[in-house]
Amino acid sequence: MQKKQIITLLCNSLLLICITACHHNTPKTGEMSAEDAIELLDARIRKDSKNHTLLFERAQLYMQTGRVNEAIADLTQAIKLKSNKIEYQLLLADAYFANGDVEHSYQTLDQALKTDPQNQEAILKQGEIAFYSRDYDRALTNLSTVTAKDPNNRTALFMKSFIYKEKGDTTNAILLLRKVCDIYPDYAPAFEELGILYAYHPDPLATEYLKTAIRLNPNNTN
């Protein structure tokens with residue numbers, strides 16, 4: 001898979017994480033738009049500027065609407081007020097990463113792991129950032145920690161397969177991708193990548209895996 005596809009995969013993963021977080025604790029606004037909800041929170045925060053929960057809720061909405069710098073400001077303040085809230089630290093790491101600030105994203109995740117040393121989401125995020133930065137040894141360490149606890153973690157397995165491929169270990173890359181395909185038979189990217197790897201040999205199985213990838217995602221032009 002080309003670098004552009006890798007970046008797209010990571011960005012999509014990050015976006016999914018951010019959207020999931022944003023939908024978890026946002027205000028009960030009914031049909032209210034995100035911008036209207038932000039205005040409502042603005043008024044509440046003006047009256048209660050030390051309320052870390054309100055700041056976190058507004059930061060979630062800022063992330064949802066692409067206002068990353070404002071989300072960082074709210075999350076930084078929320079963490080000053082309530083330093084042991086792991087969800088604040090994780091979202092701040094996402095915000096820094098979305099802003100291209102890898103160093104501060106790492107630092108924030110390190111703080112999250114001081115709060116909760118076994119937090120698998122924080123470890124996985126560190127692995128993703130290391131992978132994106134092409135620090136493959138560090139990425140593999142983080143991702144292997146995740147799969148030791150959760151052997152079927154799709155993101156960790158899939159990214160480990162890329163690392164093995166980049167290191168020239170196609171045997172382990174194929175083993176991991178076959179595991180992903182077995183566990184997640186609807187996950188088209190794994191079938192596509194497996195088909196590409198088999199095509200390198202060449203192996204007639206390549207066609208079957210690529211056909212499956214097309215069946216799962218008919219709009220895939222690769």
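This is a guided tour of one protein chain, going from the whole chain to its cores, its aromatic rings and one loop residue.

**The whole chain**

Bear in mind from the start that the model is predicted. Show the whole chain as a cartoon, and you will find that its secondary structure comes to twelve helices and zero strands, so that the order of elements from the N terminus on reads α-α-α-α-α-α-α-α-α-α-α-α. If you then switch on a surface, its accessible area comes to about 11900 Å², and 50% of that area belongs to carbon and sulfur atoms. Of the 222 residues in the chain, 45% are buried. Among contacts between residues at least 6 apart in sequence, 50% join residues at least 24 apart.

**The largest nonpolar core**

Next, select Phe131, Ile163, Ala190 and Leu194, which touch the most other members of the largest nonpolar core, a group of 41 residues. Colouring by helix helps here, since the elements that give two or more residues to this core are H5 (86-98), H6 (102-115), H7 (120-132), H8 (136-149), H9 (154-166), H10 (170-183), H11 (188-199) and H12 (205-216). Among these, H9 gives the most, with seven residues.

Stay with alanine 190 and display its surroundings: leaving aside residues up to four places away in sequence, alanine 190 touches Phe158, Leu177, Val180 and Cys181. A second, separate core holds 23 residues, and to find this other core you can select Leu41, Phe56, Tyr62 and Tyr88, which are included in it.

**Aromatic pairs**

Now show the side chains of the aromatic residues, where the structure holds eight aromatic pairs. Begin with phenylalanine 97 and tyrosine 132, whose ring centres lie 5.5 Å apart with the planes at 85°, so the pair is edge-to-face. This pair links distant parts of the chain, because phenylalanine 97 belongs to helix H5 and tyrosine 132 to helix H7, 35 residues apart. Phenylalanine 97 is buried, with a relative accessible area of 14%, whereas tyrosine 132 is partly exposed, with a relative accessible area of 37%.

Move on to phenylalanine 158 and phenylalanine 162, an edge-to-face pair with 5.0 Å from centre to centre and 75° between the planes. Both of these residues lie in helix H9, four residues apart, which is about one turn of the helix. Phenylalanine 158 counts as buried at 2% relative accessibility, and phenylalanine 162 counts as buried at 1%. To see these two rings in a wider setting, add Phe131, Tyr136 and Tyr187 to the selection, since Phe131, Tyr136, Phe158, Phe162 and Tyr187 form one aromatic cluster.

**Charges over rings**

Keep tyrosine 187 in view and select arginine 154, whose charged end sits over the ring of tyrosine 187, 3.8 Å from the ring centre. Then turn to arginine 138, where the charged end sits over the ring of tyrosine 106, 3.8 Å from its centre.

**A loop residue**

Finish at arginine 134, which lies in the loop between H7 and H8. Most residues other than glycine have a negative phi. In arginine 134, however, phi is near 65°, a positive value in a residue other than glycine. With 46% relative accessibility, arginine 134 counts as partly exposed.

Definitions and conventions. Residues numbered from 1 in each chain as written. Predicted model: local features only at pLDDT ≥ 70, side-chain atom pairs only at ≥ 80, totals over all residues. Heavy atoms only, no water. Core = buried A, V, L, I, M, F, W, Y, C linked by side-chain atoms within 4.5 Å. Buried < 20%, exposed > 50% of the residue type's maximum accessible area, 1.4 Å probe, protein only. Contact = heavy atoms within 4.5 Å. Phe/Tyr/Trp six-rings, centres within 6.5 Å; stacked < 30°, edge-to-face > 60°. Lys NZ or Arg CZ within 6 Å of the ring centre and 35° of its normal. Areas by Shrake-Rupley, 256 points an atom, 1.4 Å probe, with all protein chains shown as cover.
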